[in-house]
Amino acid sequence: MAKRFKSAEIVADAEGRQYHVGLKPGDVAPRILMCGDPARARRVASYFDKAREPILCREFVTITGTYKKLPITVIATGMGPDNTEIAFVELSQITKNPTFIRIGSSGALKKGIELGDLVVSTGAVRMENTSTAFVCEGYPAVAHHEVVLSLLEAAKAKKFPFHAGLTATAPGFYGAQGRRVPGFPPRDPEIPAKLDQMNVANLEMESSCLFTLATLSGARAGAVCAIYANRHANKFIDSDTKDEAERRCIETGLAAFEVLEKIDKAKGRAAHWVPSMGI
């Protein structure tokens with residue numbers, strides 16, 4: 001007969017400080033921007049009216065502050081669905097009713113999406129298997145409709161070039177995305193073409209895990225990604241365009257929280273916001 005082990009399910013200290021992200025209750029605002037790059041997190045914090053000192057733990061960098069009087073946290077998780085899982089689970093233990101927005105980078109799969117454009121994800125193809133440790137393979141990875149609409153409204157108001165559609169989430173950058181690299185032939189080099197045939201807009205490494213865990217836990221989540229690569233043209237973004245694209249992505253994520261604040265006030269105690277409620 002197999003032994004049943006009794007152990008701590010969530011590793012935290014006496015203050016509730018989470019083991020991997022190094023955060024405790026009170027360190028994190030209910031509005032959370034997630035990105036991979038620690039440098040991007042610091043650039044987000046440069047928009048804050050006031051910001052606390054960064055909290056550094058392993059590869060995670062977290063900065064909490066206020067943006068136009070809204071308490072907001074930005075956390076850099078590093079790349080991949082596994083890091084996203086750790087951050088999401090641990091942040092959820094110390095934050096009440098959080099809303100997550102990923103501000104990331106991605107590669108375009110559909111023609112007509114140009115370098116520097118933004119893609120707002122409506123849902124994601126779960127090519128990663130981190131999320132399947134929680135749900136079955138057929139479980140959908142969908143962004144919350146209020147976050148999607150807020151991101152679209154923010155991008156439109158700022159007159160940034162943007163698209164909305166499905167995102168594919170791969171567990172890696174090279175083989176998992178069908179890249180042909182000398183010495184490392186991918187098992188399926190036709191991944192981008194196959195996803196394009198399925199009308200998938202872009203390809204990245206985090207969103208489907210984020211959306212799945214958010215739906216599972218009842219949190220709101222969405223994602224906006226800047227386009228750094230065009231897989232049709234086999235082109236990668238130059239440094240000047242990259243900086244501008246990142247700026248658009250950051251500003252769209254921040255502005256979306258402003259829209260969400262209006263949505264939340266308009267719906268009051270109602271479970272869901274609908275357009276007739278106004279904002």
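**Exercise 1. Place A170 in this predicted model.**
Task: State which loop holds A170, whether A170 is buried or exposed, and which residues A170 touches.

Solution.
- Step 1. Find the elements on either side. A170 sits in the loop that joins β9 (162-169) to α4 (191-197).
- Step 2. Check the accessibility. A170 has 0% relative accessibility, so A170 counts as buried.
- Step 3. List the contacts, leaving out residues up to four places away in sequence. A170 touches P81, M127, A176, Q177, L203, E204 and M205.
- Step 4. Try a distance. A170 and A266 are 96 residues apart in sequence, and their C-alpha atoms are 37 Å apart in space.

**Exercise 2. Test the length of a helix.**
Task: Work out whether the span of helix α6 (residues 239-267) agrees or disagrees with 1.5 Å a residue.

Solution.
- Step 1. Count the residues. Helix α6 has 29.
- Step 2. Get the expected span. The rule multiplies 1.5 Å by one less than the number of residues. For α6 this gives 42 Å.
- Step 3. Compare. The end C-alpha atoms of α6 are 42 Å apart, so the two values agree.
- Step 4. Look at the start. A side-chain oxygen of D238 comes to within 3.1 Å of the backbone nitrogen of D240.
- Step 5. Look just past the end. G268 has a positive phi of about 60°.

**Exercise 3. Describe helix α3.**
Task: Give the span of α3 (residues 145-157), its buried residues and the elements they pack against.

Solution.
- Step 1. Take the span. The 13 residues of α3 reach 18 Å from first C-alpha to last, close to the expected 18 Å.
- Step 2. Pick out the buried residues. In α3 they are E146, V147, V148, S150, L151, A154 and A155.
- Step 3. Find their partners. The buried residues of α3 pack against β6 (99-108), β7 (118-126), β9, β11 (220-230) and α6.
- Step 4. Step past the helix. K159 follows α3 and has a positive phi near 60°.

**Exercise 4. Examine T64.**
Task: Say where T64 lies, whether T64 is buried or exposed, and which side chain makes a polar contact with that of T64.

Solution.
- Step 1. Locate T64. The strand is β4 (residues 60-67).
- Step 2. Apply the cut-off. Buried means under 20% relative accessible area. T64 has 6%, so T64 is buried.
- Step 3. Find the polar partner. The side chains of T64 and T73 make a polar contact at 2.6 Å.
- Step 4. Add the other contacts. Beyond four places in sequence, T64 is in contact with residues including D27, V28, F48 and I72.

**Exercise 5. Explore the cores.**
Task: Name the residues that touch the most other members of the largest nonpolar core, and the element that gives the most to this core.

Solution.
- Step 1. The largest nonpolar core has 57 residues; L33, F48, I75, F100, I101 and I103 touch the most other members.
- Step 2. The top contributor to this core is α6, with eight residues.
- Step 3. A second, separate core has seven residues, among them L109, A168, I191 and L195.

**Exercise 6. Search for disulfides.**
Task: Explain why C57 and C136 form no disulfide.

Solution.
- Step 1. Recall the bond. A disulfide joins the sulfur atoms of two cysteines covalently.
- Step 2. Take C57. The closest cysteine sulfur is in C35, 16 Å away, which is too far for a bond.
- Step 3. Take C136. The closest cysteine sulfur is in C209, 15 Å away, so a bond is ruled out as too far.
- Step 4. Check the whole structure. The search finds zero disulfides.

Methods:
Residues numbered from 1 in each chain as written. Predicted model: local features only at pLDDT ≥ 70, side-chain atom pairs only at ≥ 80, totals over all residues. Heavy atoms only, no water. Helix = DSSP H or I, 4+ residues; strand = E, 2+ residues; numbered from the N terminus. Polar contact = N/O pair within 3.5 Å; in protein donor to acceptor, adjacent residues only side chain to side chain. Core = buried A, V, L, I, M, F, W, Y, C linked by side-chain atoms within 4.5 Å. Buried < 20%, exposed > 50% of the residue type's maximum accessible area, 1.4 Å probe, protein only. Disulfide = S-S within 2.5 Å. Contact = heavy atoms within 4.5 Å.
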